[in-house]
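Work through the exercises below with the structure in view. Try each task before you read its solution.

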Amino acid sequence: MKRLSLIILLSLLLTGCSSGADPVSGEAPEGAGDNGPAGYVFENGGVAIAMHGEVEPILQALGDAMEYFEAESCAFQGMEKIFTYSGFELHTYEMEGVDFVAALVFLDDSVSTKEGVYLFSGLEDILSAYGDGYTKTNDMYSYDLDGSRLSFLIENDEVTSIEYLAVTE
Amino acid sequence: METLLEILKELHPEVDFENCDTLIDDNVLDSFDIITIIAEISSEYDVNIPAEEIVPENFNSAKALYALIKRLSDE
Amino acid sequence: MLFASYGFILFITVLFVVYYLIPRRHQWKLLLGASYLFYYFSGPENLLYIFFTSLSTYMVAVKIDAIQKNQALFLAANSGRLSREERKAYRALVKSQQRKWLLLCLILNFGVLAVTKYTNFTIANINSVLRTVGSGTQLSFWSLALPMGISFYTFQTMSYIIDVYRGKHPAESNFFKLALFTSFFPQLVQGPISRFDDLSKTLYNEHSFDIQNVNRGLQRIMWGFFKKVVLADRILVAVNTIIRNPDIYQGVFVFIGMLFYAYELYADFTGGIDITIGIAQVLGIKVKENFKRPYFSKSTAEYWRRWHITMGTWFKDYLFYPLSVSGPMLKFSKFSRRRFGDGLGKRIPVYVSTILVWFTTGLWHGASWNFIVWGLLNGTVIIVSLECQPLYDWFHSRFHVKHTFGFRLFQVVRTVLLMSAIRMLDCYRDVPLTFRMLGTMFTRFNVSTLTGKALMGLGLGMADYMVLLVGLVALIAVSLLQRDGSVRNKLAVKPAAVRFAVYYVLIISILVLGAYGMGYDSSQFIYNQF
Amino acid sequence: MFKKRFLTAVAVILIMTGTLYLLERLLMPKHVSAIVEGSLIEEYYKEEKGHDVIFVGDCEVYESFSPITLWEHYGITSYIRGSAQQLIWQSYYLLEETLKYEKPEVVVFNVLAMQYDQPQKEAYNRMALDGMRMSLSKFKSIRASMIEDEKFIEYLFPLLRYHSRWSELTAEDLRYMFRKGKLFHNGYYMRVDVKPVETVPRGRKLADYQFGKNAYYYLDRMVELCKESDIELVLIKVPSLYPYWYDEWEAQMEDYAQRHGLMYINFLELIEEVGIDFAQDTYDAGLHLNVTGAEKMSVYFGKVLQNTFGLEDRRNEVDLSRAWQQKADFYYRMKEDQYRELEEYGYLKSLGARPPESTAVD
């Protein structure tokens, strides 16, 4: 039973077999059927990085990391790995021996989100790119989409932190 | 009674309707047969058997069925 | 509250003990309280619905009964004075009064069922029509939760009111007794759909503690849990893997998924019914059987006389017969015979009723096109096999295999495969996908892809497959033993040590092998929402 | 007749419960190799009580202090009641339970756990809770710790939780069904391997640095409990470089300690004084200290404890000395064994460490 792949685990979170049928036939629910990345996706040099995506092919495409750090969590509950590339950090989590994208953190303004927000952009840039469907915790503006969260921290009217985060629930 | 037996015989020639009294209990007649019989009775006897009379007691034997027809046409 | 939960096990344990400790005349009241408590746990707002159904049905039934009694009094008082025609006219008048009340009750209760169950389905269909015609407007969905078991208790109480109207039995004069009939908790989750004249024989009686009865009830409960928790919930993982990933699992895997789902559905549904009937038996109450070894059926029609029996007879007694013998239908029958001749013309009206009934049956199973198509397919299969009867007769006149074991086995296997294939409509997201997937069984049936590794990839390990295999053998063995009488009767005459060993093995297997607890998907009974 | 029936009933019940008990023992994870951290909590009950110092907290405490060193240098007896990612309420209830067995002079709590305001992970809950004996404290701790889908009854009867391990049983499960050898040194988990610090990621910016209400609630209760029992409470933050310890967190702890008149030591600021060398004293690149690091920490902290709270040197107590001599023997034996294993394989295979080459970046 332990050998479930992540995809299956995630799909198990959906409804039971019998009620799995969509109320209206003939209309596929959004995103069903294609396995393209869901949620907010970061792109760098033609490599798309989606939250909860498998890390291996991404690393292959990105090439060697500038820095690498790993943190074995207490009592072997999975290895957290951090790969540092020019402009961003890629964090991973481990499940059943496979690494998946846990987070992506911007390090400087050489990179931007797909929607064009950089570090040191203003709040209005965020709002015009992502709308007002955010949740606000202190000065952190977060947008949730399909298992991913994109957060911006505003300090002194400037974006000082941009993070993509894989949300589990 | 003769007409009724004819109707029944036509459906299941192999059954001895004069003597069998477990037509329903032994699954000799299924629901399709019953509907067909009722339709036939309706045209032959001009008696409409309502749904509430479709119970095993009325359909287990040709005799019972005939009694039902008589009762309904008397009412 | 689900059957396979710690809370439920605690609930029935406490109930069993209290039930036999209190004065016997209060036992049925305790059951009513327990049933409402059970229902409360499933969502307090649901109580309102079931109370409404109980109350409206109770009042209308009493009213219909009163009209009936008045008629009898009137006729008795005027016995000499009325002519036969006058009596007939009076009876018709009374009947029409009663019918008005009956219709009111049916409309109210089926109305609640329709609104809670089918509103969003209707809205979704209207929306897709609006989209097709290019309209920008879209209706928004209602956030209306479907009360647990509403399909079951509505059908059960409506059979009661119709039977009162038909004069099959008098109305229940005690509201609380009718409330218990409506809400009797073991059958609230997934049936069986009982009839009042049948269930009331034991439901309200005083039951003294009968060790034999309690023992057999407990055995049945445990057998049910074994089927459900050890087998059904285990194989569910593999079923889900296959049906949730139609891009990956095609061809031979659809076939595997179909067989696994047939296994799952059988173990889950019959297991649940075993628990229901077992609980009732411990309480001294007799609930009608709902299954009779359905996978041994030789035809679709027979299958539906042996699978979910109480639902089938409900549709037969309260929809198929009334529809078929209704005035318009009989007229149509006459017309049809004139038009199409005595052979086909006779059958066409029956087929029309059949299709209508199966459409309704599909709709009752769930508010989706999947189920409607499923129902229609069942009806079609039955009609086609009737139309092919001459072909069969010809075949059997040529080849004398009808009574050979091989031919019967062929019939059984054919029926099970056919029913299982149609059942896949439960699983896949929509109707086209289901047919596409079933199609791949013929276009991409590549047995070489069915490797051990692929089977392990479905989410089950070697040990799980072993359990399922042993379970399958046990299921077949019990079914074969059942053919000549109850397995528990046979067990009862065995020495105490043997009986204890059976208990022991069942309890330990459920506890250790059961697919429950953290790490397992807590799956609901498949029939829960129907 | 009646007597016979009664006896049968008793026999049936006994056989049933007996089987279930055996099955439970068999199916529960043994935590004797690889994830040994799961055995930390239960070892306490076998110990002689009467410790001077009790440590409570997460991995940062059971990897950073060696009670043997504290004894050998200062004659201080101590025990560490810590487990992997032990949450603050788990620490609180463990302390509450410990105080039923003994009354130490000083209790030390590592404040990293303040970052978690809510239950986190079932695996850690299990490691922290399964080892506890049944008690009111345990029940309260379970209730505070359960995440969604966890069931209280599955803690009362762990068979209900672990039953599915039947297909994964190993010889180890049979061998350690009833008895396990000692794995730890008064709650200290020894690691002799070394993996130097190369880089340490900087802390990601957080939206909110304020520790949660729940975490503070249990910290308040811990302060209260110690005050009632007339025990000195010391707050510490051990010198682990990751997870990142934010300045904003430090400020809150300093402020809290000051308001409650508690001693608070942030060892991250004392790395040089203690003499920690992150090229030598950690086994996982700065997350946890290894044995050399823990010994340095103990030498430093023992002095602080002695000077501040005047803990007596108990090395002249004969019985106690004899008992601790045995502990020390076990300690050095294990140290030797681990060094030998390290020599042989290049990594601590028996403790589930990964071979060094597999962790390299490609």
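The exercises go from whole chains to domains, then to one helix and the chain contacts.

This is a predicted model, in which local features need pLDDT of at least 70, side-chain atom pairs count only at pLDDT 80 or more, and totals for chains, interfaces and linings use all residues. Residues are numbered from 1 along each chain as its sequence is written, while chains are lettered from A and ligands numbered from 1 in the order in which they are written.

**Exercise 1. Describe the build of chain C.**

Step 1: count the elements. Chain C has 21 helices and zero strands. Helices (H or I, at least four residues) and strands (E, at least two) are DSSP runs, numbered from the N terminus.

Step 2: test the globule rule. For 530 residues the rule gives 24 Å, and the radius of gyration of chain C is 26 Å, which is close, so chain C is as compact as a globular protein of that length. The radius is taken over C-alpha atoms, and the rule is 2.2 Å times the number of residues to the power 0.38.

Step 3: look inside. In chain C, 42% of the 530 residues count as buried. Buried means that 20 or more other C-beta atoms lie within 10 Å of the residue's own; exposed means 12 or fewer; partly exposed is in between; C-beta atoms are placed from the backbone.

**Exercise 2. Do the same for chain D.**

Step 1: chain D holds 14 helices and five strands.

Step 2: a compact globule of 362 residues would have a radius of gyration near 21 Å, and chain D agrees with 22 Å.

Step 3: 38% of the 362 residues of chain D count as buried.

**Exercise 3. Split chain C into domains and inspect where domains 1 and 2 meet.**

Step 1: chain C divides into domain 1 (6-131 + 147-208), domain 2 (210-287 + 440-530) and domain 3 (316-427). These bounds come from an automatic or database domain assignment.

Step 2: 16 residues of domain 1 of chain C are in contact with 17 residues of domain 2 of chain C. Contact means that the C-beta atoms of two residues, placed from the backbone, lie within 7 Å.

Step 3: on the domain 1 side of chain C, α1 (6-21) and α7 (196-203) each supply at least two residues.

Step 4: that side of domain 1 of chain C has eight nonpolar, eight polar and no charged residues. Ala, Val, Leu, Ile, Met, Phe, Trp, Tyr, Cys and Pro count as nonpolar, Asp, Glu, Lys and Arg as charged, and the others, Gly among them, as polar.

**Exercise 4. Find the two sides of helix α19 (residues 462-482) of chain C.**

Step 1: C:Asp464, C:Val467, C:Leu468, C:Gly471 and C:Leu475 of α19(C) are buried.

Step 2: the buried residues fall within an arc of 95° seen down the axis of α19(C), so they line one face of the helix. The arc is that of the directions from the helix axis to the C-beta atoms.

Step 3: recall the helix rule. An α-helix has 3.6 residues a turn, so residues three or four places apart point the same way.

Step 4: the other side of α19(C) has exposed residues, including C:Met462, C:Met466 and C:Leu480.

Step 5: the cover over the buried residues of α19(C) includes α8 (211-244) and α21 (496-513) of chain C.

**Exercise 5. Which chains touch, and what does chain C offer to chain D?**

Step 1: among the four pairs of chains that touch, chains A and C have the most contacts. No contact joins chains A and B. Chains B and D do not touch.

Step 2: 12 residues of chain C are in contact with 17 residues of chain D.

Step 3: α21(C) gives the most to the chain C side, with five residues.
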